[in-house]
Amino acid sequence: MNVIQTHDLTRRYGATEAVHALNLAVPAGSVCALLGPNGAGKTTTLKLLMNLLRPTAGRAEVLGVDTAKLGEREFAQIGYVSENQQLPLWMTVQQFLDYCRPFYATWDRALEQQLLAQFQLPVDRRLQQLSRGMLMKAALLASLAYRPRLLVLDEPFSGLDPLVREEFVHGLLEVSTQGDWTVLVSSHDIDDVERLVDRIAFIDAGRLRLNEPTEALQGRFRRVEVTGGSDGTDARAAAGELEWARSGQLTRFVATAYAGEASERDWRTRFPGATFNIQPMSLREVFVTLARTRATGAPGGAA
Ligand code: ATP
């Protein structure tokens, strides 16, 4: 079952099309990153999913319910943390938690206490006196403590120093092993989410360029270096090859549809007598390649 499913979801702001015909699926139990450069449409997508914005066209379902019909019952099972969230800043951390608790039948006091200790939050301090990182941690705690089925995090790491970021990731990793959560976390930086996620959706200029498990993504991307084998007759990129460059006897490209021996056989045919250096790529390298090739509209693969 998909906890999130969008159908040609589209949102315009005047002449700007922030999200274009998005078909995003997030399966139950997955931890999915919504990655994309600044202005790609991540926040707009998450707001559409939370029914904070209405689509211009298309629709979306969250927990099997059309977002226009999301109600108390569904929101009791959804945690949403965003950078610009309105929090009752006059409350202390303790008052904030006491205030939130009654709204959720599933609130877990033991988990609340565990996270309080783990995040080292001062319970007697007012929210307005907390640093940005602490405030994000308080918001995350209040969203995790009721063990939501779906957790939606909008750029939770932006502006956090590396230490707080690490604590934040650690907290998320710990709880994600304790239950059957589905998480959708947006970020413009793969490094922030790499350790957390098992699935990546990449959005650019409002369009979904890929949406797949990280393992599959890393399986199909390869950096390829070909030495020799070129008589100049077939010096062109084949489908699914990005950043193709040739200089003398050296040809370089990024293969986006690597399929093991079958691909290598194909390359030996195209480059007779050549030697090949075929290297796996880190998620960061894949992400950078996708971001770099976006201007050309080169396909990243299945969307
Ligand atoms: P960032 O990583 O910088 O937060 P993002 O991927 O979350 O970016 P969005 O905030 O969804 O991107 O914005 C997508 C596009 O829509 C951008 O071109 C942005 O300028 C535009 N946009 C967003 N909100 C509005 C608004 N309220 N009015 C007009 N245009 C908007």
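Buried means under 20% relative accessible area, exposed means over 50%, and partly exposed lies in between (1.4 Å probe, protein chains only). Keep that at hand for the exercises below.

This is a predicted model, in which local features need pLDDT of at least 70, side-chain atom pairs count only at pLDDT 80 or more, and totals for chains, interfaces and linings use all residues. Residues are numbered from 1 along each chain as its sequence is written, and side-chain values use heavy atoms, with hydrogens and water left out.

**Exercise 1. Decide whether Thr6 is buried or exposed, and find what its side chain reaches.**

Step 1: Locate the residue. Thr6 sits in strand 1, residues 2-13; strands (E, at least two residues) and helices (H or I, at least four) are DSSP runs, numbered from the N terminus.

Step 2: Apply the cut-off. Thr6 counts as buried because its relative accessibility is 0%.

Step 3: Look for polar partners. The side chain of Thr6 reaches the backbone oxygen of Leu22 at 2.6 Å, and a polar atom of that side chain lies 2.7 Å from the backbone nitrogen of Leu24.

Step 4: List the surroundings. Contact means heavy atoms within 4.5 Å. Leaving aside neighbours within four places in sequence, Thr6 is in contact with Leu22, Asn23, Leu24, Leu49, Arg59 and Ala60.

**Exercise 2. Describe how domain 1 and domain 2 meet.**

Step 1: Find the bounds. Domain 1 covers 2-216 and domain 2 covers 221-296; these bounds come from an automatic or database domain assignment. Their centres, taken over C-alpha atoms, are 37 Å apart.

Step 2: Count the contacts. Here 14 residues of domain 1 touch seven residues of domain 2.

Step 3: Work out the area. Buried area is the accessible area (1.4 Å probe) that two parts lose on being put together, summed over both. The two domains bury about 980 Å² between them, with 66% of it on carbon and sulfur atoms. On the domain 1 side, Ile190, Phe202 and Arg209 lose the most area to domain 2, together 42% of what that side buries.

Step 4: Check the charged pairs. A salt bridge is a side-chain nitrogen of Lys or Arg within 4 Å of a carboxyl oxygen of Asp or Glu. The rule finds two salt bridges across this interface. Arg284 and Asp191 also pair through their side chains in a salt bridge, at 3.0 Å from N to O.

**Exercise 3. Find which parts of the chain are linked by the salt bridges of Glu225, Arg270 and Arg292.**

Step 1: Recall the idea. Side chains of opposite charge can pair when their charged atoms come close. The count in this model comes to 17 salt bridges.

Step 2: Take Glu225. Its salt bridge is with Arg252, the closest N and O atoms being 3.2 Å apart. Glu225 is in strand 12 (residues 222-227) and Arg252 in strand 14 (residues 250-255), 27 residues apart. Glu225 is partly exposed at 28% relative accessibility, and Arg252 is partly exposed at 44%.

Step 3: Take Arg270. Arg270 pairs with Glu241, with the closest N and O atoms 2.8 Å apart. This pair joins helix 9 (residues 261-270) to strand 13 (residues 241-247), 29 residues apart. Both Arg270 and Glu241 are buried.

Step 4: Take Arg292. Its side chain meets that of Glu243 in a salt bridge of 2.7 Å, N to O. Arg292 lies in helix 10 (residues 283-292) and Glu243 in strand 13, so the pair ties together parts that are 49 residues apart in sequence.

Conventions. A polar contact is a pair of N or O atoms within 3.5 Å; within protein, one must be able to donate a hydrogen and the other to accept it, and residues adjacent in sequence count only if both atoms are side-chain atoms.
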